[in-house]
Amino acid sequence: MKAILMTAAGDADVLQGCDLARPDLPSSHHLRVKLAAAGINPLDAKLRAKPAYYPDQLPAILGCDGSGRVDEAGSLVTRFKVGDAVFFCNGGLGDEAGNYAEYTTLHEEYCSAAPANIPLQDAAALPLVCITAWEALIERAQLQSGQTLLIHAAAGGVGHIAVQLAHHLGARIAVTVSDTRKAGLAQALGAEKIINYQEQDFVQETLSWTEGKGADVVFDTVGGDTFLKSLHAARIGGKIVSILATPLSLADAQLARLRNLSLCFELMLTPQVMRLHEERIRQRRILEQCAALIEKGELGVLVTHRIPLEHAGDAHRLIEAGGMTGKIILTMD
């Protein structure tokens, strides 16, 4: 099979095409999937530049998001049969092979039936961002109908899914974006208040929108100064959920304490990194719920770039350039 190997830590040039044998089933509970596409996430480029989890296990196949059709099922598999369309988040962190390849294997319990009403390739863009947004808003923030929510970078991969989930939950949504095109996308997805962070102070705009109170919930997908400024944009007693690690100074921590803020962190990779089987099944159930919303027309994914597998390096350069709208996928045919 054709595959892209990360041969060493470094820039996008360390991604090299090669021919490998099709993988065998690791157990009787595993599936082999002929991949239609692999999703590209900023995580992939970060792990390529600095392998954080398994630095000594190179070369590696990156890419934790995939979609395709079951090619072979183990003798004890009960959830799927050969030919079924599936999507999933599995592998790609440096130990278990990821999805920059024509075939992959995974445990049947970590796999969800793909939404029937979108192209199978596009389903590869969904898993990581759907699980991240769901866990952040529904599980960490416990977002409720009528609450006010500020989402940073709302036109990005996680951001545009978060806007839709929040709209589905009945929240009032403010977003930060960088240009009018992204503003139009966020508004079409359900955002009420649009803040161009390059021209406006998002703290002041959020306070004005909430009549001086601040947002009930802030969802930070940017980190750094954006996270720290968000301490002032959340209401007293509000919640801030971030998908990035940003150091807090003593003064920042004291401010958060003074304002009784709940600071939460969201890393959807934890169940995979820490090998938590039941937690991975829980995440698969999130994908199943997201697939149901997609089939009802209440959730969608914007795929802006479809790049052939052999040009994985170009996909990494594109995502590292920043300012992405929607998602990038690698296609296998």
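**Exercise 1.** In this predicted model, find how the lining of the second largest pocket divides by class.

*Solution.* Start with the classes: nine residues are nonpolar, three are polar and one is charged. Next, locate the pocket. Among its 13 lining residues, Met1, Pro23, Ile61, Ala97 and Tyr103 are the closest to its centre. Then look for the main contributor. Strand E6 (residues 103–107) gives the most to this lining, with three residues. Finish with the volume, about 150 Å³.

**Exercise 2.** Describe the largest pocket by volume and lining.

*Solution.* The volume comes to about 1,200 Å³. The lining has 47 residues, and Pro42, Lys46, Thr221, Ile243 and Leu244 lie nearest the centre. Sort the lining by class: 26 nonpolar, 14 polar and seven charged residues. Helix H1 supplies the largest share, four residues.

**Exercise 3.** Decide how many disulfides there are, and check cysteine 64 and cysteine 111.

*Solution.* Take the cut-off first: the two sulfur atoms must lie within 2.5 Å. For cysteine 64, the nearest cysteine sulfur belongs to cysteine 89, 3.8 Å away, and cysteine 64 is in no disulfide. For cysteine 111, the closest cysteine sulfur is also in cysteine 89, but at 12 Å, too far for a bond. The count is zero. Now test burial. Cysteine 64 is buried, at 1% relative accessible area. Cysteine 111 is buried too, at 0%.

**Exercise 4.** Find which residues touch the most other members of the largest nonpolar core.

*Solution.* This core has 95 residues, and the answer is Tyr100, Leu149, Ile151, Ile161, Val175, Phe219 and Leu330. Helix H3 (residues 127–140) gives the most to the core, eight residues.

Key. Residues are numbered from 1 along each chain as its sequence is written. This is a predicted model: local features need pLDDT of at least 70, side-chain atom pairs count only at pLDDT 80 or more; totals for chains, interfaces and linings use all residues. Side-chain values use heavy atoms; hydrogens and water are left out. A nonpolar core is a set of buried Ala, Val, Leu, Ile, Met, Phe, Trp, Tyr and Cys residues joined through side-chain atoms within 4.5 Å. Buried means under 20% relative accessible area, exposed over 50%, partly exposed in between (1.4 Å probe, protein chains only). Helices (H or I, at least four residues) and strands (E, at least two) are DSSP runs, numbered from the N terminus. On a 1 Å grid over the protein atoms alone, a cavity is a set of points where a 1.4 Å probe fits but cannot get out, and a pocket is an open set with protein on both sides within 12 Å along at least five of seven lines; lining residues have an atom within 4 Å of a point. Grid points are joined across faces, edges and corners, and a volume is the space filled by probe spheres set on the points. Ala, Val, Leu, Ile, Met, Phe, Trp, Tyr, Cys and Pro count as nonpolar, Asp, Glu, Lys and Arg as charged, and the others, Gly among them, as polar.
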